[in-house]
Amino acid sequence: MDFIPNPATLAAFSLAGILLALTPGPDMMLFLSKTLTQNKRAGVAAILGASSGVVVHSLAAALGLSALMAASATAFTVLKYIGAAYLVYLAVAAVRSGTGLSLDRSARPPEPLMKTYLQGLTINLLNPKIILFFVTFLPQFISVGDPNATGKLLFLGLYFLCLGLPCCLLMVLCADRIAKRLKSSPKAMRVFDWAFAGLMGGFALKLLTARAIAS
């Protein structure tokens with residue numbers, strides 16, 4: 001199987017991939033928020049949505065579309081503003097919704113799992129940082145002129161997904177237990193709403209300051 005990197009390269013990528021998977025980002029905050037405000041199923045749905053986005057990015061990187069997007073200042077700028085606008089929308093929605101962590105989860109009808117899935121997918125696809133990750137990080141593990149570069153890029157992208165998925169699922173399990181303890185504190189729940197909104201706003205600002213490779 002020529003598309004699998006050598007053991008040394010794979011070990012180095014595994015370590016870096018796990019560390020990157022544990023780094024907080026908009027998608028991580030989304031599935032933790034869905035777990036806390038609804039239940040574990042909602043958190044898993046958000047994870048699956050973000051994971052689907054990683055699959056799309058992996059295919060795009062392997063086919064060279066991500067590199068083209070990152071190299072195009074115009075395309076990058078458009079994607080950057082769309083992504084930032086979506087994060088701001090999530091922040092405003094979190095503040096306006098008020099009782100994000102309801103004392104009684106049954107008091108608020110849970111969102112359809114498909115809607116949560118699509119939110120996870122959207123927030124992942126509209127994140128220029130993810131595109132830059134696949135354009136600048138993955139190629140470091142591919143030799144210049146490698147005839148199997150396309151297959152290896154696709155393999156590493158999907159392998160990164162396999163590394164991060166267990167970490168995300170473990171966080172959801174822990175977050176659900178934390179939610180049960182936070183239910184008794186309305187102030188803590190409101191703080192969570194504002195914290196989530198602040199983080200989404202912060203990530204939006206980070207996206208707006210991100211630069212394309214060609215710029």
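**Close-up views of a predicted model**

**View 1. The largest nonpolar core has 19 residues.** Phe13, Phe134, Phe137, Leu138 and Leu156 have the most contacts inside this core. A nonpolar core here is a set of buried Ala, Val, Leu, Ile, Met, Phe, Trp, Tyr and Cys residues joined through side-chain atoms within 4.5 Å; buried means under 20% relative accessible area (1.4 Å probe, protein chains only). Helices H1 (7–21), H3 (40–63), H7 (128–136) and H8 (149–182) each chip in at least two residues, and H8 gives the largest share, 6 residues. Helices are DSSP runs (H or I, at least four residues), numbered from the N terminus.

This is a predicted model, with local features needing pLDDT of at least 70 and side-chain atom pairs counting only at pLDDT 80 or more, while totals for chains, interfaces and linings use all residues. Residues are numbered from 1 along each chain as its sequence is written, and side-chain values use heavy atoms, leaving out hydrogens and water.

**View 2. Who does Phe134 touch?** Skipping residues up to four places away in sequence, Phe134 touches Val54, His57, Ser58, Ala61, Pro139 and Gly157 (contact: heavy atoms within 4.5 Å).

**View 3. Helix H2 (residues 26–37) is mostly covered.** Of its 12 residues, 11 are buried, among them Met28, Phe31 and Lys34.

**View 4. Confidence varies between helices.** Mean pLDDT (the predictor's confidence in each residue, from 0 to 100) is lowest among the elements in H4 (residues 65–71), at 65, and highest in H6 (residues 113–125), at 92. Over residues 99–104 the pLDDT drops below 50. Where pLDDT is low, don't read the predicted coordinates in detail.

Notes: Buried < 20%, exposed > 50% of the residue type's maximum accessible area, 1.4 Å probe, protein only.
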